[in-house]
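Biologist: Could I ask for a close look at a single part of this model? Please pick one stretch and take me through what surrounds it, step by step, as I follow along on screen.

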Amino acid sequence: MGFKTRVIAALLVGLLVTACDKVPESGFSESPVAFHRNDECHVCGMVISEFPGPKGQVVERSGVKKFCSTAEMLGWWLQPENHHDDAKLYVHDMGRSPWDSPNDAHLIDARSAFYVIGTGLKGAMGVVLASFADEAKAQKVAADSGGRVLRFEQIDLALLQQPAGMAHSGH
């Protein structure tokens, strides 16, 4: 192989290596998205906007799944087949949002939220989990309503499947 051929081959290899380092732009965003009036719950198919209380959403590369409540989202997420490493989970911060119409500007990371169960507040079907970014606000709601504060790691399927009346702090 001649000198010119080796130089051209080296340049081509260099170009190929450089091209492989480029990450293609995809337009994918891990940020939460707004809920719309006709959005349906990924689990139950109900129109999400017809229920009060915090909503949930899972954002992943394959798309966004929206849920009519934090409990619906967490119940779906706790199924092993739904765990994806790249998924981001969001819930409304009810410390900064009205209960009857949560504000999408206040969606927070579900994994770091504080959840209050047993408040007696109305929401979608099943257990109602009020989600908060601020622990003090969550503790106040729990104290005022006879509920209790939970962290993401403390929520399991058994908790989510109990009758709503059993979710109070004494049980």
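**Helix 2 and its two sheets**

Modeller: Happily! Let's begin with a pair of strands: strand 1 and strand 2 are joined by 5 bridges and run antiparallel. Two strands are called a pair if DSSP finds at least two bridges between them. Strands (E, at least two residues) and helices (H or I, at least four) are DSSP runs, numbered from the N terminus. What you see is a predicted model, in which local features need pLDDT of at least 70 and side-chain atom pairs 80 or more, while totals for chains, interfaces and linings use all residues. Numbering starts from 1 along each chain as its sequence is written, and side-chain values use heavy atoms, without hydrogens and water.

Within that first pair, Q57 has K66 as its bridge partner in strand 2. The two strands belong to an open sheet of 4 strands, ordered 2-1-3-4 and paired antiparallel. Strand 2 and strand 4 (107-109) are at the edges with a single partner strand each, so one side of each has no neighbour in the sheet. On average, this sheet twists by 25 degrees from one strand to the next.

Now bring in the helix. Helix 2 lies across strand 1, strand 2 and strand 3, and makes an angle of about 45 degrees with strand 1. Such angles are between N-to-C directions and run from 0 to 180 degrees, with axes fitted to C-alpha atoms, for helices over the stretch in contact. Contact here means heavy atoms within 4.5 Å.

How many residues of helix 2 are buried? The count is 8 of its 8 residues, and the helix is mostly covered. Buried means under 20% relative accessible area, exposed over 50% and partly exposed in between, using a 1.4 Å probe on protein chains only. If you click along helix 2, the buried residues are T70, A71, E72, M73, L74, G75, W76 and W77. What do these residues pack against? Their partners are strand 1 (56-60), strand 2 (63-67), strand 3 (88-92), strand 5, strand 6 and helix 4.

That list takes us to another sheet. It is an open one, with 3 strands in the order 6-5-7 and antiparallel pairing. Strand 6 (129-132) and strand 7 (148-151) are the edge strands, each with a single partner, so one side of each is left without a neighbour in the sheet. From one strand to the next, the twist here averages 35 degrees. Helix 2 lies across strand 5 and strand 6 as well, running at about 90 degrees to strand 6.

Strand 5 (residues 114-117) is worth a slow look. With strand 6 it shares 4 bridges in an antiparallel arrangement, and strand 5 also pairs antiparallel with strand 7 over 4 bridges. Take Y115 as a guide: its bridge partner in strand 6 is S131, and in strand 7 it is L150. Further along, I117 stands opposite R148 in strand 7. Helix 3 (residues 135-145) packs on this sheet too, touching strand 5, strand 6 and strand 7, and its direction makes about 5 degrees with that of strand 5.

Where do the side chains of strand 5 go? F114 and V116 point one way, Y115 and I117 point the other way, and all are buried.

To put the picture together, helix 2 lies across strands of the 2-1-3-4 sheet, and across strand 5 and strand 6 of the 6-5-7 sheet.
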